[in-house]
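Biologist: Can you take me through this model? I'd like short answers.

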Amino acid sequence: MIVFLHKVINKIKDGYIKEMFIEGKWILKYVKLYRKSVIFYILLGILGTAMSFASSVASKYLIDAITGYDLSNTTFIVVTIIFMGVGSIATTAFSSRISAKINLRVDKEIQCMVYDNIMTSDWEELNYYRTGDLLNRLTGDVSTVSTAVLGWIPNLITRLVQFIGAFSIIIYYDYTMAVIPLISAPISIILSKHLLNKMKSYNVKMRNVSSEVMAFNDESFQNLLSIKALGLCDYFTNKLRAVQCKYIDTSLEYNKFSVYTSAFMSLIGMVIAYMCFGWGAYRLWSGIITFGTMILFLQLSSSLSSSFNSLLSLIPSAVSATTSAGRIMELTTLPHETIKTDSALHKLIKKQSHGITIEIRNLTFKYKNSRNILVNVNIYAKPGEVIALVGPSGQGKTTLLSILLGVIKPPPATAILKNYQGIICEASAATRPLFSYVPQSNTMFCGTIAENLRLVNPAATDDDIINALNITCAYEFVSKLPKGIHSIIGEKGCGLSVGQNQRLAIARAILKDSPILLLDEATSALDVETEERVLRNIMAVYQNRTCIVATHRPSVLKLCNRIYKVENKCITQI
Ligand SMILES: Nc1ncnc2c1ncn2[C@@H]1O[C@H](COP(=O)(O)OP(=O)(O)OP(=O)(O)O)[C@@H](O)[C@H]1O
Ligand SMILES: [Mg+2]
């Protein structure tokens with residue numbers, strides 16, 4: 001028998017349900033974190049339920065008194081009813097205050113945890129996700145989970161208490177009445193696995209389509225200018241409608257399933273309610289129960305069916321919460337950047353002012369699921385040198401810089417940083433503080449120019465900032481802005497030209513004051529004369545620093561100590 005039961009339980013826990021158990025356990029972590037408040041909330045719920053039962057029983061005695069059946073304790077009964085009513089209002093008020101507090105805290109806590117995880121996740125792995133999808137998980141899924149932390153377990157307990165309480169009172173006054181609702185139990189058990197699996201698969205589909213809509217909107221807004229310029233407004237508007245149609249179709253499919261399921265369950269509920277009513281009426285007619293007991297039964301049967309419906313409604317919310325938890329867990333279990341600090345790294349950082357030599361040794365690299373980008377390549381760059389990486393588009397210049405930054409992982413012992421004492425470290429996330437980097441794309445944030453620059457050096461004074469801006473010939477236009485360095489720029493540097501943003505980005509890299517500077521097409525939007533002035537200024541202040549410039553511009557090359565051409569997976573010095 002036990003073996004059979006074990007088999008049945010294992011079968012029920014298979015597939016999606018097994019997943020739900022794991023995801024449910026993850027949510028439980030947060031319930032535990034706020035256990036004191038959650039327990040208080042549950043106790044309030046139970047108190048509220050107990051008061052409503054007491055009120056029901058008191059009503060029975062009041063009706064028995066009014067119908068002349070039992071006249072004792074009438075005052076006590078009336079006082080009890082009033083007290084229970086007021087108490088129930090107070091507990092509801094308390095509960096909603098506590099639930100608001102916990103909801104907000106859990107929501108923000110999980111959001112911060114997911115955000116931190118995204119920030120420290122392996123960059124290549126993260127690239128498989130669209131930003132809209134990440135946003136959707138960070139907001140929608142987190143909100144579903146945080147609601148479940150307080151909504152689910154406490155509701156389950158209070159509803160169960162309500163259900164068991166109503167059931168017990170019915171048994172106390174007439175046990176035959178309690179047998180009727182039990183008839184539905186076998187039907188529910190048989191249906192549960194099938195319904196749960198179906199519900200879970202609908203939920204997964206729904207969340208994925210919702211991410212698709214969010215990703216589409218996010219990508220459209222990020223590229224609004226291109227969409228307008230390419231005359232694609234109609235195309236994108238129609239595409240949005242198509243994505244929305246997909247969302248509506250999936251929602252309606254799920255809705256159809258929910259409507260059928262709940263109609264079927266309601267039907268069972270109704271049959272049971274009528275059976276109870278009929279049985280109660282028969283017992284009243286036979287004189288076995290009083291009129292007050294019949295009223296009590298009616299009240300309790302409504303409480304029984306409402307708690308049963310609430311328990312049923314917890315199933316879809318559990319499925320939805322576990323689906324969202326699964327999507328969040330997926331992000332939190334992404335591989336993380338490993339930041340290994342050892343004595344060599346400490347020495348490298350401590351003595352960084354003496355300069356750092358970069359060496360790429362016999363590097364062969366490919367992205368995950370792709371062909372080789374670089375095969376057995378070698379380069380080096382010493383302090384005081386400016387090295388150029390040239391070559392056709394798509395050959396691996398940015399890839400090489402990303403390897404040095406430790407954003408993507410090369411094979412061991414292929415990307416090396418060395419100081420004047422010969423101390424060696426492999427390029428990784430841990431060596432990133434040694435770099436200043438200006439990427440190919442715009443990286444300004446919404447805020448003032450000074451705020452943008454201070455991100456990398458919070459202690460920088462206004463003079464330091466102006467100095468950095470002067471080096472990159474940016475102060476020429478910044479000084480003409482009404483508020484100078486305190487002028488506000490928009491998202492991605494909106495309000496400034498591409499060349500102006502590039503000069504600000506280089507100024508920020510200079511303000512970081514690191515021993516290595518990586519410029520990836522960072523001056524591509526500048527006129528040749530400004531570009532030359534910027535680079536000469538950088539060289540003047542970066543005397544003991546190592547500088548690598550990826551460029552397509554011949555004008556830059558004459559300023560460099562060495563030029564490497566990246567082409568056909570090879571790097572050759574020219
Ligand atoms: N995240 C990625 N996953 C897979 N392949 C990638 C990824 N990023 C770049 N690649 C591939 O690596 C190759 C080199 O890209 P990379 O950006 O390094 O070229 P690049 O030399 O900097 O080109 P450009 O001069 O146009 O900036 C390209 O063929 C590109 O398709
Ligand atoms: Mg590039």
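Modeller: First, a term: contact means heavy atoms within 4.5 Å. This is a predicted model, so local features need pLDDT of at least 70 and side-chain atom pairs count only at pLDDT 80 or more, while totals for chains, interfaces and linings use all residues. Residues are numbered from 1 along each chain as its sequence is written, chains are lettered from A and ligands numbered from 1 in the order in which they are written, and side-chain values use heavy atoms, with hydrogens and water left out.

Biologist: With that cut-off, what is Leu240 in contact with, leaving aside neighbours within four places in sequence?

Modeller: Phe216 and Asn217 are in contact with Leu240, once those neighbours are left aside.

Biologist: Which helix does Leu240 lie in?

Modeller: Leu240 belongs to α11, residues 233-285. Helices (H or I, at least four residues) and strands (E, at least two) are DSSP runs, numbered from the N terminus.

Biologist: And how far is the C-alpha atom of Leu240 from that of Ser220?

Modeller: The separation is 9.5 Å, for residues 20 places apart along the chain.

Biologist: Now the ligand. Which residues come nearest to ligand 1?

Modeller: Ser393, Gly394, Thr398, Thr399 and Gln440, out of 13 residues around it. A residue counts as near if one of its heavy atoms lies within 4 Å of the molecule.

Biologist: Which helix gives the most to that shell?

Modeller: α14, residues 397-404, with three residues.

Biologist: How many of the shell residues are nonpolar, polar and charged?

Modeller: The shell around ligand 1 has nine polar, two charged and two nonpolar residues. Ala, Val, Leu, Ile, Met, Phe, Trp, Tyr, Cys and Pro count as nonpolar; Asp, Glu, Lys and Arg as charged; the others, Gly among them, as polar.

Biologist: What polar atom of ligand 1 does the side chain of His552 face, and at what distance?

Modeller: An oxygen atom of ligand 1, 2.9 Å from an N or O atom in the His552 side chain. Arg371 also places a polar side-chain atom 3.4 Å from a ligand oxygen atom. With Tyr367, a nitrogen atom of ligand 1 is 3.5 Å from a side-chain N or O atom. Polar contacts are pairs of N or O atoms within 3.5 Å; within protein, one must be able to donate a hydrogen and the other to accept it, and residues adjacent in sequence count only if both atoms are side-chain atoms.

Biologist: How much of ligand 1 does the protein bury?

Modeller: 68% of the 640 Å² that ligand 1 exposes when taken alone. Areas come from the Shrake-Rupley method with a 1.4 Å probe; for residues, only the protein chains shown count as cover.

Biologist: On to the sheets. What is the strand order in the six-stranded one?

Modeller: β6-β9-β10-β3-β11-β12, an open sheet with mixed pairing. Two strands pair if DSSP finds at least two bridges between them. The edges are β6 (435-438) and β12 (570-573), each pairing on one side only.

Biologist: Parallel or antiparallel for β3 and β11?

Modeller: Parallel: β3 (386-390) and β11 (562-567) share four bridges. Ile387 has Arg562 as its partner, and Val390 stands opposite Lys565.

Biologist: And what sense for β11 and β12?

Modeller: Antiparallel, over four bridges. Lys565 is partnered by Thr572, and Glu567 by Cys570. In their hairpin, with two residues between the strands, Asn568 takes a positive phi near 50 degrees.

Biologist: What about the four-stranded sheet: which order?

Modeller: β2-β1-β4-β5, open and antiparallel. β2 (372-381) and β5 (424-426) each have a single partner strand, so one side of each is left without a neighbour in the sheet.

Biologist: How many bridges join β1 to β2?

Modeller: Six, running antiparallel. Leu363 in β1 is matched by Val377 in β2. Their hairpin has five residues between the strands, and Asn369 in the turn has a positive phi of about 55 degrees.

Biologist: And how many join β1 to β4?

Modeller: Five, antiparallel again. Ile360 stands opposite Ala415 there.

Biologist: Back to α14. Which strands of the four-stranded sheet does α14 lie across?

Modeller: β1 (356-366), β2 and β4, at about 120 degrees to β1. α14 also lies across β3, β6, β9 (516-520), β10 (546-550), β11 and β12, at about 155 degrees to β9. Axes are lines fitted to C-alpha atoms, for helices over the stretch in contact, and angles run from 0 to 180 degrees between N-to-C directions.
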